[in-house]
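Trainee: I've got a structure open and I'd like to practise my reasoning on it. Can we go through some labels and check what earns them?

Mentor: Sure, put it up and ask away.

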Amino acid sequence: MPDFEAIMKDFAANSAIAFIDLNQGKLGALGSGVLVSVGDVRGVLTCGHVFESIFARDAVGLCIFTNNKTRLQNAQLHKKDIGIYECLYQGESPEGPDIAFFEIANPSLFDSLAAATMVFDLIGGKSKYKTVTAGDDKKIYVVPGILGEWTGTVDFEAGMSLEVEGLSLVVSPRDPRSNKGYDLLTLVPSYDELVSAPASYGGLSGSGLWEILVREDRSGDYEFSSRKLSGVVFWEKPEGENDLIVFCHGPKSIYELLLPKVIQKIDENSIIA
């Protein structure tokens, strides 16, 4: 199989954000999300239970995935930085709903994140998600985010830092289904035979499911063609003796159920302002 690592990094991981728990005297993985925009409103698409964990805290650490792996990052999201939000969540369940959007209403904070990432336009994504893939395009499905098991925890003391370990998990979507109008997918992870799978995907909750389209050029190499944001991860489940599968909301949940509610909140906020 061709090596698509650079393409996955540039067009999937480069839109991901990780949340770092600053509570309980330790630094550790709290969850993941996707940096997105809805018109002029900029924020994060994630899952509902990750948003509730963020909202329950005074502050969380932020980490983006750049080509500079040794970059020291110290950005924090405070509760006062959260603007409008929409959280579709009714408690932990493999059937959802478990999906959310929140605005980062601190312009300088978001600008600093956007300067080194690719912010995904949700309204533009809605216009593309039903388009048919060209016959000569190859699809890669990838879920980028922070992996708690590989990141670990450290005591939260002055001068201490946490070495964040990310994962761009290549998956195969299967078993499309619906529950209460929300579309759901099962994601089956795929690993190179030299890489051991983690015991848990904790931390990847809130990550986006990206459909990356690549095209073979005349020299036989693959180049990026386009991308679609097709889901949000929120659950994991044991499969067999040693395997795990992942559940996610699909594109309908993002673009037809969550996004209209977000736009309505934006419009209401504009009228009040």
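Trainee: Why is the pair Arg 42 and Asp 111 called a salt bridge?

Mentor: Keep in mind that this is a predicted model. The closest N and O atoms of Arg 42 and Asp 111 are 2.8 Å apart, and the cut-off is within 4 Å, so the pair earns the name. Arg 42 lies in strand E3 and Asp 111 in helix H3, so this bridge ties together parts that are 69 residues apart in sequence.

Trainee: How do you know whether Arg 42 is buried, exposed or partly exposed?

Mentor: Look at its relative accessible area, which is 26%. Buried needs under 20% and exposed needs over 50%, so a value in between is called partly exposed. Asp 111, with 40%, is partly exposed too.

Trainee: Okay, what about Glu 86 and Lys 265: what makes them a salt bridge?

Mentor: Their side chains meet at 2.9 Å, N to O, and the limit is 4 Å, so they pass. Glu 86 sits in strand E6 and Lys 265 in helix H6, so the two parts being tied together are 179 residues apart in sequence.

Trainee: And which label, buried or partly exposed, goes to Glu 86?

Mentor: Glu 86 has a relative accessible area of 13%. Under 20% means buried, so that's the label. Lys 265, at 31%, counts as partly exposed.

Trainee: Lys 139 and Glu 211 are 3.7 Å apart, N to O. Why is that still called a salt bridge?

Mentor: Because anything within 4 Å is accepted, and 3.7 Å fits. Lys 139 belongs to strand E9 and Glu 211 to strand E13, so parts 72 residues apart in sequence are tied together. Glu 211 is buried at 8%, while Lys 139 is partly exposed at 42%.

Trainee: How many salt bridges does the structure hold?

Mentor: It holds 5.

Trainee: Now the inside. What makes a set of residues a nonpolar core?

Mentor: The members are buried nonpolar residues, joined through side-chain atoms within 4.5 Å. The largest one here has 54 residues, and Ile 54 is among those with the most contacts inside it. Helix H6 gives the most to this core, with 6 residues.

Trainee: Which residues does Ile 54 touch?

Mentor: Leaving out residues up to four places away in sequence, Ile 54 touches Phe 19, Leu 30, Val 60, Leu 77, Ile 82 and Phe 102. Apart from this core lies another, of 15 residues, including Leu 147 and Leu 244.

Key. Residues are numbered from 1 along each chain as its sequence is written. This is a predicted model: local features need pLDDT of at least 70, side-chain atom pairs count only at pLDDT 80 or more; totals for chains, interfaces and linings use all residues. Side-chain values use heavy atoms; hydrogens and water are left out. Helices (H or I, at least four residues) and strands (E, at least two) are DSSP runs, numbered from the N terminus. Buried means under 20% relative accessible area, exposed over 50%, partly exposed in between (1.4 Å probe, protein chains only). Contact means heavy atoms within 4.5 Å.
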